[in-house]
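Let's take a walk through this model together, moving from strand to strand and then on to a helix. Please have a look at the structure before reading on.

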Amino acid sequence: MLIGRRSFVSITISNQNVLAQVLKPLAMGDSVVAAVRSIELLKYGWKGSMNSIPTCYLTGLLLGKRTLEKGMNNLVLYTGKGSFTSRVAACLKGIIDAGVSIPVSEGSLPKIERINGGHIAQYAELLKKDQEKYNSHFSSLLKNDCVPESYPDYFEEVRIRITNDSRTEPESSLPERSKSNTRNASVV
């Protein structure tokens, strides 16, 4: 990457959130050009999981917008030792949909029904017959006043907020629960 001088995107998905970064390779170490943590979706009204396929897409969409604001529009994906999973693919699709060019086979990207949470809504419809399982499985969504059967509509509302936001730079401080995960990094 250093020899090719191509900036790259790195996507890390943990059990609790998503971190997507655009990095510029330099001889003295990679420099972070733009970064997004899924926790930042809260300011757009996101109430869902912080590491689901829809969350990965929205995180990628926000990163794509920030990347374009930095004047970059051509990247490559770097997975390192990580796997190319459906969540990584969803994040990549969000970056591409924002307008950033990244070489990838369209066949490896998730379908819209997975990206917008249609599969979550279908599963909620199935589980609704057993109210106990339904309440247990979707407890975090229900606690946040999100109706699982309307997940695609909810996803679309948040996607539109991100798309229409003219300024996507992060605020000076992240929400309280992410402060312990922040690291110092050089920013170009």
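A good place to begin is Phe8, whose bridge partner in strand β4 is Val76. Keep in mind that you are looking at a predicted model. The Phe8 bridge belongs to a wider pairing: β1 and β4, the latter covering residues 76-78, run in the parallel sense and share 3 bridges.

Strand β1 also pairs with β2. Here β1 (residues 8-13) and β2 (residues 18-24) are antiparallel, with 6 bridges between them. To find this pairing on your screen, look for Ser10, which has Gln21 as its bridge partner in β2. The two strands make a hairpin, and 4 residues lie between them.

Now follow β2 to Lys24, which is found in that strand. Is Lys24 buried or exposed? The answer lies in between: its relative accessible area is 36%, and because buried means under 20% and exposed over 50%, Lys24 counts as partly exposed. Leaving aside residues up to four places away in sequence, Lys24 touches Ser7, Gly29, Asp30, Ser31 and Val33. Its C-alpha atom is separated by 9.0 Å from that of Val9, a residue 15 places away along the chain.

Our last stop is helix α1, made up of the 17 residues 53-69. From first C-alpha to last, α1 reaches 25 Å, close to the 24 Å expected at 1.5 Å a residue. This helix is mostly covered, with 15 of its 17 residues buried. After α1 comes Gly71, which has a positive phi near 80 degrees.

Methods. Residues are numbered from 1 along each chain as its sequence is written. This is a predicted model: local features need pLDDT of at least 70, side-chain atom pairs count only at pLDDT 80 or more; totals for chains, interfaces and linings use all residues. Side-chain values use heavy atoms; hydrogens and water are left out. The expected span of a helix is 1.5 Å times one less than its number of residues. Buried means under 20% relative accessible area, exposed over 50%, partly exposed in between (1.4 Å probe, protein chains only). Two strands pair if DSSP finds at least two bridges between them. Contact means heavy atoms within 4.5 Å.
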